[in-house]
Amino acid sequence: MVNIQRGLYDKALVLVPLGVLAAGVLAFAVFILTRQQLTLISTLKVALKRREFSMVYQPIVDLQSGRWLGAEALVRWHRPAGETVPPDIFIKAAEDAGFIQDITAQVMEMVGRDATQFFKRHRDFHIAINLSSADLESPTTISALARLAAQTGAGNGNLLVEATERGFLEAEVVRDTLQQIRSMGIQVAIDDFGTGYSSLSYLEDFELDSLKIDKSFVDTLGKDSATSQVVPHIIEIAKSLKLIMIAEGVETEDQAQYLRDRGVQLAQGWLFARPMSFAALNKRLGA
Ligand code: C2E
Ligand code: CA
Ligand code: CA
């Protein structure tokens, strides 16, 4: 008995300080991460005031003909000191901190400036804008889109919005917003399809035009991974709902061929073109 107690005591002598040390390290890590996040948020707010953002445009091509049919507008943040912060990081931070709408507003302004009366010359082209959940729940999005449509000279189908499943928490409100967007002649695509945790019931409930097959699934094509069977299922769902499919992140001809063979109409990826300035896009399209 005394021996057992002695053994426990010896172990406690080692484990208790170790536990205290681990808790200390964890608390320090949380402190550092929180501080970094707060710094990011305050720097972002300054960046919004100083208008440090710009746009690039990545072509969306017809998988059969290779023709450029549209482009996705993607935001870039170049800090004055020269470094760039990836949108994955600062968009998420702005969403979490509740001011993504300020970024969306600047994005729409920049696209409007870049593409002033652009569609008067390019009736068959479209430009896609990314919207976050807060955008889909706000009435100001509709007026901002109306302004953008007027400024760019957009007709039916010239503008498209990409909405992620993550934005579908307030399903009722989102459905109304999407309906209004579509009644303005703006198309609606589901972005990052299959990467969220939302129920798929919205697919039948919402009025949609197209579905983007996420890069993470396209990456698995031709590989022997557990998720490589996901793409055929997504294609099946899209076909049964009569949605146009846009494959994202296509990097190899094998991936393009696989998608083409299965009836995927559109694609976007480094195989075809990287994101570029509006001037470069305009030049390639010809005036
Ligand atoms: P996303 O909407 O899924 O956009 C596609 C991302 O994939 C872009 O990354 C694009 O540059 C990248 N990409 C396209 N083809 C390829 C490829 O072949 N290979 C590789 N490795 N990457 C490819 P980006 O520009 O870094 O944007 C990341 C994410 O940030 C976007 O993902 C989107 O969720 C968000 N984002 C970007 N711009 C905006 C914006 O203006 N508003 C909002 N709300 N979100 C934005
Ligand atoms: Ca997108
Ligand atoms: Ca994606």
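Biologist: Does Glu162 count as buried or exposed, and at what relative accessibility?

Modeller: Buried means under 20% relative accessible area, exposed over 50%, and partly exposed in between, with a 1.4 Å probe and protein chains only. Glu162 has 1% relative accessibility and therefore counts as buried. This is a predicted model, in which local features need pLDDT of at least 70 and side-chain atom pairs count only at pLDDT 80 or more, while totals for chains, interfaces and linings use all residues. Residues are numbered from 1 along each chain as its sequence is written, chains are lettered from A and ligands numbered from 1 in the order in which they are written, and side-chain values use heavy atoms, with hydrogens and water left out.

Biologist: By which residues is the calcium ion (ligand 2) coordinated?

Modeller: Donors are N, O and S atoms within 2.8 Å of the metal (3.2 Å for Na, K and Ca), and water is not among the atoms, so sites may look incomplete. For the calcium ion (ligand 2), the donors come from Glu72 (OE), Asn130 (OD1), Glu162 (OE) and Asp191 (OD), at 2.2 to 2.3 Å. Asn130 in strand E4 and Glu162 in strand E5 are 32 residues apart, and the pair links distant parts of the chain; strands (E, at least two residues) and helices (H or I, at least four) are DSSP runs, numbered from the N terminus. Asn130, with a relative accessible area of 29%, is partly exposed.

Biologist: How is the calcium ion (ligand 3) coordinated?

Modeller: Asp192 (OD), Asp214 (OD) and Glu248, which is listed with OE twice, coordinate the calcium ion (ligand 3) at 2.2 to 3.2 Å. Along the chain, these donors follow the spacing D-x21-D-x33-E. Asp214 lies in the loop between strand E7 (210-213) and helix H9 (215-218), and Glu248 lies in strand E8 (residues 244-248), so the pair ties together parts that are 34 residues apart in sequence. Asp214 counts as buried at 10% relative accessibility, and Glu248 counts as buried at 13%. The calcium ion (ligand 3) and the calcium ion (ligand 2) are 5.5 Å apart.

Biologist: What volume does the largest pocket have?

Modeller: Rolling a probe the size of a water molecule over the atoms shows where empty space is left. A pocket, on a 1 Å grid over the protein atoms alone, is an open set of points where a 1.4 Å probe fits, with protein on both sides within 12 Å along at least five of seven lines, and lining residues have an atom within 4 Å of a point. The volume of the largest pocket, the space filled by probe spheres set on the points, is about 1,100 Å³. Of the 37 residues that line the largest pocket, those closest to its centre are Glu72, Leu74, Pro87, Asp88 and Asn130.
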